[in-house]
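Q: I would like a close look at a single part of this structure, for someone in the first year of study. Please go through one chain: how it meets its partner, which charged side chains pair up, and what its helices are like.

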Amino acid sequence: MVAGAVVGDDTFPLIVGVVLLLLGAGILFVARLPQVKVARPYGEPRKRMILGAGVLVAYWVILPYLGYTGSTALVSTGLFRAMGGYRWPLALLLGGVTTGLLYLMFRVWLLQPLPTGLLGF
Amino acid sequence: MDVLGYLASGFAAALTPTNLLMAVLGSLLGTFVGVLPGLGPTAAIAILFPLTAVLAPVPAIIMLAGIYYGAMYGGSTTAILLNIPGEVASVPTCLDGYPMAQQGRGGVALGISAIGSFFAGTLGVVGLTFFAPFLADQALRFGPPEYFGLMVLAFTVIASLSAGSLAKGFAMAFLGYFISLIGLGPSTAEPRFTFDWAPLMSGVDLIALVVGLYAISEVFIGLEESRVAITQKIRNVFPRLADLREAFPAILRGTGIGFFLGLLPGCAPGVTVFMAYDAEKKLSKHPERFGKGAIEGVASPEAANNATSSAGFIPLLALGIPASAPLAVLLGGLLVYGLQPGPLLFQKNADFVWTVIASLYVGNVILLVLNLPLIGMWVWLTRIPYGILGPVILLLAFIGAYSVRNSMFDVGVSLVCGAFGFFLRRYQWPLAPLLLAFILGPLLEKYLIQSLSMSGGSPLIFFQRGISLALLVGAALLLLTSLVLVRYTSRRVKEETAEELAL
């Protein structure tokens with residue numbers, strides 16, 4: 001808060017914080033939330049979810065180093081294999097086509113810079 | 001210049017090749033995503049939002065509006081042919097649309113849905129054309145306390161976006177306000193909740209948040225569900241004259257209900273479609289036909305859905321209040337382009353507003369002209385396996401989140417939000433209040449600080465000025481109305497689908 005001012009950048013966070021505390025307490029001790037039964041994913045869907053999430057995180061890690069072309073080709077192949085269960089040759093083909101189409105869309109049509117990585121492309 | 005003059009100049013801009021192309025592209029892309037079973041307008045806008053973020057404001061908003069309309073149309077297709085509503089607003093369409101499809105009249109149901117949507121959507125835009133400038137004129141006398149009142153009024157929308165639990169809705173909304181606080185403070189540029197970490201200084205990007213919450217989480221939710229494709233052949237989508245005669249009064253009534261209720265901030269299409277369907281059933285001489293393939297049961301809710309969606313643009317553009325989750329994303333889009341919806345938008349950015357309004361007319365025509373003949377293609381597209389669609393959506397979301405600010409931090413935010421959104425959706429914590437509050441938070445804070453500075457810190461200023469007081473009282477009344485409407489809709493959704501409400 002600026003000296004002499006009655007309100008400032010800390011006013012709204014204070015209000016939000018107090019209300020969040022009150023809402024949290026209300027939900028814990030007073031409100032009766034509707035019972036939600038959630039079945040945990042199992043079997044094949046769970047495997048696809050975990051693999052898909054893992055590949056995405058790996059993409060986030062390798063993209064700045066490998067650049068768009070290399071990392072997207074690798075990751076899209078991995079995603080088609082992990083989430084779609086396609087055989088490697090088909091996953092590789094789908095991955096290559098997707099990488100090319102996304103490049104055309106973002107780099108050629110929308111003129112967006114994409115990460116080039118250590119390889120320069 | 002009068003309204004018609006502005007509209008004519010809007011048409012001149014909307015019909016330029018670039019803008020027309022964006023309207024066509026938006027409608028087609030929106031229909032494509034909307035027609036995929038389980039994906040609704042919010043997911044469609046979220047997935048395609050980054051693509052529009054790099055365009056100029058006018059074509060970008062035209063494309064977003066096209067995506068919104070297109071996705072709603074696509075949602076009706078899966079509701080009628082597969083009995084799968086993309087969002088709650090398509091549930092009543094399933095009730096009679098699916099039995100019609102089973103009787104071999106799926107094409108007619110789709111045709112009536114498209115004609116009803118076109119009619120209601122166009123009438124809704126006519127209302128927007130004449131009503132929104134009037135509303136904006138009234139609001140020109142607004143100062144910071146009145147704008148604060150308006151933001152509180154917008155907050156009442158949360159009641160109808162809370163998926164049946166107000167406590168959860170409010171908690172999510174305040175979490176959204178909290179996330180909007182991250183970054184530099186508006187008055188002193190003091191860092192808030194950044195933990196001295198440079199990437200957090202510029203705050204959380206809206207597109208990264210939307211992409212994560214709605215697009216990435218949607219793909220993982222979709223992996224759990226078994227997907228089905230439309231296998232039946234659609235022969236004739238053009239209804240007979242007798243069908244039209246039967247459906248037309250229902251379309252008119254649905255349009256009226258949808259439009260006038262849609263003017264209320266907080267009255268989402270999910271609410272009005274059930275009211276239109278129930279009203280039609282009550283007025284019918286043969287209510288026993290409903291649920292067994294009555295054409296009015298498709299015509300009325302489809303018209304109400306589109307009328308409400310069009311009417312929703314009135315509070316959105318004139319007051320800056322979105323009535324539903326997709327409109328909240330559209331509001332975010334406007335803010336991303338530096339355009340603040342509200343009374344001044346009509347004064348400061350008249351060209352922009354009228355081009356967008358004209359493009360809504362154009363979008364409605366495009367949907368009618370393109371989608372009916374293309375129904376075979378949409379049906380075919382539902383056969384693309386999820387093992388291909390899922391990875392493509394994820395990659396599109398990932399690169400899209402990166403491309404907005406060329407930031408790997410934003411991609412990280414969307415991944416975190418994707419995981420967060422997945423669990424929130426599974427445990428039925430509504431996402432829309434979080435999104436709405438995240439978008440409106442900075443504005444609410446700005447007007448709060450300005451008002452309190454004017455009054456020397458006294459909150460009484462909000463009650464001492466007529467318009468501000470009226471807005472606050474209006475907000476309280478609307479909150480109560482929304483609660484009643486949501487309770488009614490919640491009960492109806494449960495009756496028809498045995499599921500919880502998620503408007």
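A: What follows takes chain B in three steps: its contact with chain A, its salt bridges, and two of its helices. The model is predicted, and every value below is computed from it.

The contact comes first. It takes 61 residues from chain B and 54 residues from chain A. Between the two chains an area of about 4800 Å² is buried, and carbon and sulfur atoms give 83% of that area. On the chain B side, the residues that lose the most area to chain A are Leu223(B), Leu395(B) and Ile399(B), which together make up 14% of what that side buries. Between chain B and chain A there are zero salt bridges, while four residue pairs are in polar contact across the interface, both residues being at pLDDT 80 or more. Several helices of chain B each supply at least two residues to the side that touches chain A: α2 (17-35), α9 (166-181), α11 (206-224), α20 (386-405), α21 (408-426) and α22 (432-454). The largest share comes from α20(B), with 13 residues. Sorted by kind, the residues on this side of chain B are 40 nonpolar, 15 polar and six charged.

Salt bridges do occur elsewhere: the structure holds ten over all chains. One of them joins Arg105(B) to Asp243(B), with the closest N and O atoms 2.9 Å apart. This pair links distant parts of the chain, since Arg105(B) lies in the loop between α5 (91-102) and α6 (106-138) and Asp243(B) lies in helix α12 (residues 241-262), 138 residues apart. The two partners can be placed by their accessibility. Arg105(B) has a relative accessibility of 24%, so it counts as partly exposed. Asp243(B) has 2%, so it counts as buried. A network of salt bridges links Arg105(B), Arg240(B) and Asp243(B).

Two further salt bridges can be read in the same manner. The side chains of Glu296(B) and Arg289(B) meet at 2.6 Å, N to O. Glu296(B) is buried because its relative accessible area is 9%, and Arg289(B) is partly exposed because its value is 28%. The side chains of Arg405(B) and Asp410(B) meet at 2.8 Å, N to O. Arg405(B), at 33% relative accessibility, counts as partly exposed. Asp410(B) has a relative accessible area of 0%, so it is buried.

The last step is a check on two helices. Helix α7 (residues 144-155) of chain B has twelve residues, so at 1.5 Å a residue it should span 16 Å; its end C-alpha atoms are 16 Å apart, which agrees. α7(B) is mostly covered, with ten of its twelve residues buried. Among these buried residues are Glu146(B), Tyr147(B), Phe148(B), Gly149(B) and Leu150(B). Helix α14 (residues 296-311) of chain B has 16 residues, so it should span 22 Å, and its end C-alpha atoms are 22 Å apart, which agrees. In α14(B), 16 of its 16 residues are buried. That helix begins at residue 296, and Glu296(B), the partner of Arg289(B) in a salt bridge, is buried at 9%.

How values were computed. Residues numbered from 1 in each chain as written. Chains lettered and ligands numbered in written order. Predicted model: local features only at pLDDT ≥ 70, side-chain atom pairs only at ≥ 80, totals over all residues. Heavy atoms only, no water. Contact = heavy atoms within 4.5 Å. Buried area = accessible area lost by both parts, 1.4 Å probe. Salt bridge = Lys/Arg side-chain N within 4 Å of Asp/Glu carboxyl O. Polar contact = N/O pair within 3.5 Å; in protein donor to acceptor, adjacent residues only side chain to side chain. Helix = DSSP H or I, 4+ residues; strand = E, 2+ residues; numbered from the N terminus. Nonpolar A, V, L, I, M, F, W, Y, C, P; charged D, E, K, R; others polar. Expected span 1.5 Å × (residues − 1). Buried < 20%, exposed > 50% of the residue type's maximum accessible area, 1.4 Å probe, protein only.
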